[in-house]
Amino acid sequence: MKKVILLLGLFNLALIFGACTQNEPHLKLWYNKPANKWNEALPVGNGRLGAMVFGNPVNEVIQLNENTVYAGSPNRNDNSNAKESLQEVRDLIFEGKYREAQDLINRDFITKTSHGMPYQTVGNLKLAFPGHENYSDYYRELDLEKAVTSSVYKVDGVQYKTEIFSSFPDQVIIARISADKKGSVNFSATVERPSEVDVKTSGNNELILSGLTSNHESVTGKVEFVAKVKIIPSGGSVSAEKKSLIVSNADVVAIYISMATNFNNYHDISANAFERVDSYLDKALKKKYENALNDHITDYQNYFNRVSLDLGETEAVNNPTDVRLEQFASGDDPQLVELYFQFGRYLLISSSRPGGQPANLQGIWNNQLMPPWDSKYTVNINTEMNYWPSEITNLSEMNEPLVQMVREVTEAGRQTAKDMYGADGWVLHHNTDLWRINGPVDGATWGMWPMGGAWLSQHLIYKYEYSGNKEFLKSVYPVLKEASEFYLDFLVEEPENKWLVVCPSISPENTPAGHPSSVTAGTTMDNQLVFDLFTNTIKAAEILKTDKELVDQIKQALQRIPPMQVGKWGQLQEWMYDWDNPDDHHRHVSHLYGLYPSNQISPYQSPELFSAARTSLIARGDESTGWSMGWKVNLWARLLDGDHAYKLITDQLTPSVQPNGRERGGTYPNFFDAHPPFQIDGNFGCTAGIAEMLLQSHDGALHLLPALPSKWQKGNVSGMKARGGFEIEIQWENGELKTAEIKSLIGGVCRLRSYVPLEGKSLKEASGKNPNPFYEIPEIKQPIIHAENELSENSLKKVYEYDLLTKTGDIIKINRKY
């Protein structure tokens with residue numbers, strides 16, 4: 001009987017929200033109570049404007065963000081003393097005097113001005129509904145198919161509904177409050193910010209909040225921000241009273257929220273924020289609400305609808321999202337993984353749009369003036385992880401803000417390279433912000449990592465590999481070229497093996513056990529990054545037929561980069577020396593960059609390294625910070641172990657907040673990733689990992705279902721992208737591929753790899769090297785093996801490989817061969 005009542009209640013809620021008209025009624029986060037905490041509120045965003053919506057029937061809070069509201073103003077943070085001390089630091093490191101080298105770096109390399117500016121909230125719009133304390137039949141949701149959050153409840157027999165979305169076409173946030181009884185909408189509206197701001201009303205229906213962002217460290221806050229709230233009732237009235245607006249006896253109310261700043265770019269803040277905010281608002285007000293909503297949905301679905309995923313569903317979908325999260329590890333709820341995957345895509349569309357800023361540590365959502373780690377850009381993993389899903393899940397446009405930021409830190413980083421290291425090219429350390437700082441911050445343990453430019457540059461190549469757009473490659477080639485020029489100058493010969501190494505540097509945020517300092521030379525990740533950068537620069541230059549002399553220099557240097565090494569307990573060494581501790585469970589697994597996101601470690605091309613990477617990952621452990629577990633989903637997918645990857649998804653989809661109130665790495669009730677605290681990179685990392693379990697295109701072939709877990713016996717996925725401009729649809733049954741469809745966007749050979757034999761028109765068994773240039777296998781050096789025992793054996797499934805010669809526009813169906 002309880003089950004029947006529950007289903008009837010859910011049916012009524014579905015009718016209330018028109019869920020029966022949706023293509024996928026379960027692509028929603030939904031709850032039967034309002035949010036009490038920020039990490040329970042639901043996010044909306046258009047790339048520039050974000051809001052966290054609590055859905056409170058009595059005292060509603062809509063927390064607001066605009067993605068250029070950062071403390072400070074244009075500034076540089078280079079420490080030019082580094083140039084004079086560089087050789088002494090290197091001498092100390094090569095003499096094994098790591099503590100002394102670290103002390104000197106902290107004195108002469110780490111910035112003495114700015115460690116980066118914090119991203120800040122605009123403030124809160126607060127709506128107070130008198131007499132709504134005794135509400136009932138409460139429900140709220142975030143509809144991932146429409147990018148609309150809404151809530152519904154009843155008071156004294158009257159049903160109230162609120163809908164909120166952030167429109168990219170109209171560049172405003174719009175809310176609509178309605179009731180099924182005329183004249184029933186009554187509330188007051190105020191705005192606030194946890195700092196000194198100017199709040200006033202304009203006319204009888206506008207609230208205006210304006211101010212300057214904070215001073216921070218040695219930098220004066222000069223970002224002028226304005227938020228304007230306009231209330232338009234249908235029926236009833238709206239009036240101004242001191243610093244609030246009062247809505248009385250309305251039938252329906254539309255609320256338009258416009259926000260803007262004086263920011264033009266990282267060195268220009270001369271815009272007029274008031275004129276901008278009015279321009280956005282005036283334009284938006286020319287549309288009817290229904291038209292604005294339809295335009296918003298159409299724009300959003302142009303991206304979101306490209307990819308669909310079906311892993312099956314159980315009765316668990318009938319539970320609220322927070323309950324499903326609590327029960328996931330012990331239950332059977334495959335659709336929750338689908339929901340989490342699509343939520344990651346939703347977040348990327350909502351936090352990173354062309355023409356705007358890249359998604360930062362919290363995307364665009366932040367309710368503080370001093371958020372954790374300033375909610376800026378940490379580029380030793382976190383910023384890159386934000387964009388791992390962008391190509392494979394068919395959201396390439398969303399990484400354009402990252403590409404633009406890389407262009408800008410290239411401009412700013414030229415001076416850093418020259419002033420700090422006397423080098424050509426450009427350099428970025430482990431952090432940047434709205435002002436595109438490039439110097440090292442926080443201290444040597446974290447900041448003495450001159451590799452941010454090398455890693456970010458890889459994303460330019462990823463974008464080219466998926467699109468084949470040579471004009472884009474030509475436009476970003478100078479970034480790759482100048483990054484390589486920096487390392488040609490900065491690499492130094494280490495005395496023992498005569499290798500060229502990055503020195504000084506660290507393996508991000510980790511310190512070898514028993515060592516006095518993290519500072520060292522020639523870490524594995526640094527070597528892998530330089531290898532990728534040099535290899536990609538050579539490839540780009542040869543495609544563009546330019547810079548032959550530079551290419552020759554890079555090739556010579558590339559031959560002297562240290563090989564990867566396998567240590568005494570069979571692990572992939574993290575450092576140039578065998579310092580790894582099997583009990584080290586550090587959140588960063590930097591030396592496994594070569595496995596993912598790079599493709600230097602392969603089960604088919606480098607089995608010793610593949611085995612060593614697995615040994616390292618097992619030793620590191622599973623449970624960790626949220627983003628670290630997201631990375632490990634990808635790593636286990638690359639290790640072709642779907643069940644272990646799924647175990648990491650289970651760890652990720654574990655409630656962060658424990659019964660005792662303490663938090664662990666996992667997921668908050670609103671599906672935000674918990675480091676803890678909230679960091680959005682874990683959402684994006686896990687989304688990419690789910691995709692990697694289903695499709696990989698990095699190791700000489702397009703691998704269908706490379707790491708399918710035993711839990712996902714039946715399903716389908718469509719719209720995912722592979723390198724070389726292929727779009728893929730896959731169906732599987734009984735844990736094995738059934739059919740696949742390949743759409744070729746740019747033509748060329750498509751080499752398929754499968755665990756089952758395939759058949760299809762023009763499909764031929766593959767042999768030799770894949771002729772498609774987007775599937776070149778990196779030519780790494782033979783690893784050095786120090787293992788005291790035999791390496792663990794790689795247990796690999798038999799694979800079948802086929803070639804398919806395609807033309808642009810071809811759509812080819814493949815079936816399993818029985």
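In this predicted model, 8 cavities of 30 Å³ or more are present. The largest cavity has a volume of about 180 Å³. It is lined by 16 residues, of which Y387, W388, Y462, Y466 and R723 are the closest to its centre. Two or more lining residues come from each of α9 (389-392), α10 (400-421) and α12 (452-467).

Among the pockets, the second largest holds about 400 Å³ of space. Its lining counts 25 residues, and those closest to its centre are R48, N67, T68, G355 and G356. The elements that give two or more residues to this lining are β16 (252-261), α4 (273-285) and α10. Of these, α10 contributes the most to the lining of the second largest pocket, with 3 residues. Helix α10 also gives two or more residues to the lining of the largest cavity.

The table sets out both linings by residue class.

| Space | Nonpolar | Polar | Charged |
|---|---|---|---|
| Largest cavity | 9 residues | 3 residues | 4 residues |
| Second largest pocket | 7 residues | 12 residues | 6 residues |

Elsewhere, strand β34 (residues 800-806) pairs with strand β30 (residues 748-754) in the antiparallel sense, over 7 bridges. Within this pairing, R751 has D803 of β34 as its bridge partner. Strand β34 also pairs with strand β32 (residues 764-765), again in the antiparallel sense, over 2 bridges. Here K764 stands opposite D803 in β34. D803 is thus placed across from R751 and from K764.

Note on methods. Residues numbered from 1 in each chain as written. Predicted model: local features only at pLDDT ≥ 70, side-chain atom pairs only at ≥ 80, totals over all residues. Heavy atoms only, no water. 1 Å grid on protein atoms, 1.4 Å probe; cavity = no way out; pocket = protein on both sides within 12 Å on 5 of 7 lines; lining within 4 Å. Points joined across faces, edges and corners; volume = space filled by probe spheres on them. Helix = DSSP H or I, 4+ residues; strand = E, 2+ residues; numbered from the N terminus. Nonpolar A, V, L, I, M, F, W, Y, C, P; charged D, E, K, R; others polar. Pairing = 2+ DSSP bridges.
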